[in-house]
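Welcome! Take a moment to look over the sequence and the 3D view, then work through the exercises at your own pace.

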Amino acid sequence: MGELCQKEEITAQRQREATEPRGTLLKTLDYLNRPLYASAGFANAIVQGKTMEKAFESALLGLRGKERVFYSEVLKSAGIKNKYIRAIGGFTLDVALDPVTYMTFFTGAGAKLGMTTLNKSGKTLLNRTLRRQLPRLTKLNIAGGMSKEIAEKVARETVEEAALRMALKSPEKYVAKSAVRIFGKEIPIVSDVWREVGKKGAPVIEKLHQKGPVRWVGEALIGDDYIKKHAKNLTSLQKNLAILYHQQFKSRTLLGGELAFQKALEMARKVPNTKNRELIANSIEQAIKKKVPLRTLLPKHLAKQADDVERFIIKEITQPEAQRGLLSKDLLTTFRKGHIPHYYKQRMAGFLSKDLPHPIMAKNKAGKMRIFETMKDAVDAGWQPIEDYAISIGIRNAYSKRLIAVDDYVQRMLSLTGKPINKKSVIWKQMMKTNRVPKGMGIYVPRGGARFYPLYNSTKSKKIQINVAKSMRKLEEKEGKKFFMGGALLEDLRLTPLKKAFKVSDDIPVYLLPKEIADTMNAISPYMTREKNMNELLKFSDDVMRIWKTSVTSWWPGFHSRNAMSNIWLSWLGGLNNPKQYMLSAKLQWYDYMTSKGKDVADFTVSLGGKKYRASKLVKMGKETGVLNKGWYGAEIGDDLEKRIMMRTGVRPKLTGKERGRQLARSIFLEKPRAAGTAVENNARFALFIDQLDKGFDVTSAAQHTKKFLFDYGELTKFEKNTMKRIFPFYTWIRKNIPLEIEQLFKQPGKFAIVGKTKAEIESLSERPNEKYLPEWMKEQELFVRLPYESPDKPFYMNFDFAFQDLARLNFVGKPLDTLQEWYSFLRPDVKALTEIVTNYNIFLGRNIVDPDLPQGVKFREMVKEELLSNMRITGYWKKFNKDDIPVIHKMLDFLLGLKPYPYNQSQQKYYYYQRKRREEDALRRYQERKKKK
C-alpha cells in the first residue's frame, strides 16, 4: 500500500513538473492568478465536503502555486456534467471571484499636461476653463490675423498652460497620485507605503538619471521629455512647462500640415485644370514684375481665383512670417506681393525640415521629378518646372505653419528658461576669457532663422549690415560642414567664426540656459540647424527595407487579421469596452473614403459625451490630432505630407510603356496593400478616440490617450530613427509595445489575469495529455492554447499572437541562448544573411544552412538562395501549402487569420525529446573526456 501511494505521489510530482508554467509570460500569468487558485481551492474543498482546515490548506496551496484550481473544477465537483456549461460558468466565476480583477494601480484618468496627470478635479478644472475661455481667446486670435483652426489651437494652448500652473499650485487638489485601488477605492495602507517608498527612493533615482550610461539611454531612447524632466536648475513648474511646450509644438505642426493639405485640395477643386493653375501662378509673378493689374493677364473666368490665391498668400503666409521677422529681406521682396514659389520633389520625403524655402520642382519627359536650386539649373538640365500653385502653395504653406510653430516654441522656451547675455557684461567677458560657462549651464545661439538676424531692419549702418551678412554666410558654411551643434563649452560652438559676427553686430542674441535645455535646443531645434543630406547608400537601403517590410506584412491577409486582434487588445487596455465604437469608426472611415473620391455623401450627426458632432468634423479632428494615418502603415511605410499634396492635387504625368507598368505594379503591390493596412489601423485608433470623447474627454486628451495605446510611429528620437530602425526593421513596435505591456501589467493586472483564466477554461474542455514532450519553444516563448482535440491521440494547440505575447520575448527565466536567438531574429534580414552566409549557420534554427562538405562554389550559391528564400514570407506559405500532412483548414487559418495551429503528435515528439536528450548527454560526456585528458 505504501509503495502504491509512493508511486502515485511520484506520478503526481512528474505531472506537476510537466505542467509547471515556463517562460516569463506564462509564469507571470500564473502568479497573477494565484489569488484565484486560493479562492477556487477553498470553494472546491467545501463543495467536496472537506473540513474547514482542509479548505484553508487548499487555499494556501493555491497561493503557493502548488495547486491550480479554477471554478470549472468547482462546478464539476458540484455535479455539473456538461463541460461547456462548466467552462462558461467557471470563467464567469473566475473573473467575478478573483480580487485581482478589481485591483488597479494608476496615476489618474485625467488629462496629462507636461509630465503631470490631472485627477478628476483637475480634469474638471481644465474642461471648465476651456468652456469659459476658449471662445473668447479664439476670437482674439482671429482678430489678430490667425485662421480659425490655428486660433483655436493657440487658445487651447493658453488654457492648458493656465490649468497646469493652477494644478501645480494646489497639487493635493488637482494632481493624481499613485495609488493601489480595489473596487475603485484606494487602499490607504498600501498606497501610503508606496508613496513613502517613492519619496525616499526619488533622490537615489534622480542621481542615477544624471549618470552617464543611464542618461545616455534616456536621451537616446526617450529623448526631449527625458532631458527636460531631469534638467538641473529648473523648478517642477518649469520642467512641466518645457515638456508641455514641446507637446504643443508637435501638435500644432501636425495641425498646420493637415490644414495645408486641406487648403491644397480646396484650391485644386476650385480650379481642377492643372494648366489653368499654372497659368494663374505665372500670371501673378508676371503682374509683379511688369507692375500691371493681375486681371489684365488672365481670362475673365480665372481672374477671381487668381485674386483669391494672391490674397491667401499674403494673409496666410507672408504677413504672419513678416510680423515675426521670419522673412529675410530677399524673401520679403519677392514673396510679399504674392510670388508663387516653384517646387520640385526630393525623393518624396523630408522637404519640410530642409532650409530651402524656394526650390524648383521639375519633371522630365518621362514624368520623373527632380530638385533644382535655381530655375537656370532646371532649364540647363532640360527639365520642365512645375508651377501648379495648388502644390507649390500647399507645400510652402505647410512649411510656413511649421516655421511659425517652431518660432513660437523657441520663444516660449527662451522666455521660460533663458537668460539673454549682454556682450558687455562681466559674465560674458569671463566666459570669453576662460572659455567656460557657469556650472550646470549652457550657451544657446539661435541660428538659421531670419528672426534672430533681423538685418533688413537693423539699426546698424548698411556697411555694417553687409559685413554681418558676410560673416553669417561664413558661419552657415561652417555649420554645414562641421556639425555646428553647441554645448556647454564655447569651444563646442566653434567660437572663431562667431567672433567675427559678434564684433560687427549686437543683433545676434546669446542665451544662458540650464545645460540640458541648451544642449537640446542647440541639437534639435528644427530650423536652427542645417540637416545633412542622407547618404545615397542609406537612401537605397531604406527603400529596400521599406519594400521588404511591405512584402512580409501588407501583402498577407493573416497579418492584417493579427494586427486587428492586437489593436483590439490594446484598445481594451485603453478602456474601450463597447464594440459599437468599432462599427461607428468603420462608418466614419467609409464617409471619409467616399468624400475623398468626390462623392456626395450625407454628413450625418453623431452624439458623443452629450455633444453632437458632424461626421466631417470628427474625421477632421482625427486627422488634425494625428489619430488617423499615424499608425505603422501611416507613419513607417505610408505617404508623407508632400506626396499626399502632390498626388491628390492632380500631378499625374502621362506615362507610357515601362513607366505605366511600374506605376501599375506599385499600385498593386505597394499602395493597395498599404491602404488596407492603414484602414485596419485607423479603425481601432478612431474607435478608441471617439470612445474617449464619448466618456467626456476633450479632443486633445482623447488624442493623447489614443496615441499612447495605439502608437504614434513617428514619435521616436533621432538616435532611434537614424540607427535603431535601420538595425531592427520592426523596432518601433517592439520599442513601444513592450514598455506599454509592462506598465499596464502593473496598472491593470486584472485584464492580464483574464488571459490565464481564458486559457485554463478553454483547455478544461479536453483531457490534458502528457505535455512533457512539447517543444521547448511552445513551453517558453509563446502562448499556445489547447483547443478541444481533433482526436484523442492528437491534441490541437493554437497560437493567437496577441500584442501582450511580446512579453514572452523577455524570457529571463529560460535559457539565455534561446533569448538571444529570439532577439537576433529581429535584425534586418541583410545583416543576418551576411553573418549566416559567412558562418554557414542559421542561428535561429540552430543548424547549418547547407551541407558543409559541398564544393565551395555550390555551397555559396545554395547558402545565398536559402537565406534569400528564408526572409520572404511567400516562401513559408509556399512550403506550408505544399505539405500534404497539414489539413487545408489549418493552412487557411494561418493564411487568412494569422492563427498558428499546431497538432501535437505525442509519440513523434517523445522520439524527438529523447533524441535531443541523448545528443546532450553525448556532448556532455565528450566534453568531460576532453577535460580529463587536459
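Four exercises follow, each with a worked solution.

Residues are numbered from 1 along each chain as its sequence is written. The model is predicted, so local features need pLDDT of at least 70 and side-chain atom pairs count only at pLDDT 80 or more, while totals for chains, interfaces and linings use all residues; side-chain values use heavy atoms, with hydrogens and water left out.

**Exercise 1. Salt bridges across the sequence**

Task: Find the partner of Lys757 in a salt bridge, and work out where the two residues lie and whether they are buried or exposed.

Solution:
- Start with the rule: a salt bridge is a side-chain nitrogen of Lys or Arg within 4 Å of a carboxyl oxygen of Asp or Glu. By this rule the count comes to 30 salt bridges.
- Lys757 pairs with Asp98, and their closest N and O atoms are 2.7 Å apart.
- Lys757 belongs to helix H33 (residues 749–763) and Asp98 to the loop between helix H6 (83–96) and strand S1 (103–106), so the pair ties together parts that are 659 residues apart in sequence. Helices (H or I, at least four residues) and strands (E, at least two) are DSSP runs, numbered from the N terminus.
- For burial, the cut-offs are under 20% relative accessible area for buried, over 50% for exposed, and in between for partly exposed (1.4 Å probe, protein chains only). Lys757 is buried at 0%, and Asp98 is buried at 0%.

**Exercise 2. Two further pairs and a network**

Task: Describe the salt bridges of Glu763 and Lys695, then look for a network of salt bridges.

Solution:
- Glu763 pairs with Arg786, with 3.8 Å between the closest N and O atoms. Glu763 sits in helix H33 and Arg786 in strand S14 (residues 784–791), so this pair ties together parts that are 23 residues apart in sequence.
- Glu763 is buried at 6% relative accessibility, and Arg786 is buried at 2%.
- Lys695 pairs with Asp691, the closest N and O atoms being 3.1 Å apart. Here Lys695 is partly exposed at 42%, whereas Asp691 is buried at 4%.
- A network of salt bridges links Glu157, Glu161, Arg165, Arg252, Asp408 and Arg412.

**Exercise 3. A three-stranded sheet**

Task: Give the strand order of the open sheet of three strands, and say which strands stand at its edges.

Solution:
- The order is S9-S11-S10, with antiparallel pairing.
- Strand S9 (419–420) and strand S10 (441–444) are at the edges; each has a single partner strand, so one side of each is left without a neighbour in the sheet.
- Two strands pair if DSSP finds at least two bridges between them. S10 and strand S11 (residues 511–514) run antiparallel and are joined by four bridges.
- Ile443 stands opposite Leu512 in S11.

**Exercise 4. Patches on the surface**

Task: Name the residues of the positive patch and of the nonpolar patch.

Solution:
- Patch residues have over 30% relative accessible area and no salt bridge; like charges are joined within 9 Å, and nonpolar side chains (Val, Leu, Ile, Met, Phe, Trp, Tyr) within 5 Å.
- Arg269, Lys597, Arg648 and Lys672 make up the patch of positive charge. Arg269 lies in helix H13 (residues 236–270) and is exposed, with a relative accessible area of 59%.
- Leu868, Leu869, Met872 and Ile874 form the nonpolar patch, with about 340 Å² of accessible area together. Met872 is in the loop between helix H37 (856–870) and helix H38 (873–881), and is partly exposed at 35%.

Note on methods. Accessible areas come from the Shrake-Rupley method with a 1.4 Å probe; for residues, only the protein chains shown count as cover. Lys and Arg count as positive and Asp and Glu as negative; His and the chain ends are not counted. The place of a charge is taken as NZ of Lys, CZ of Arg, CG of Asp or CD of Glu.
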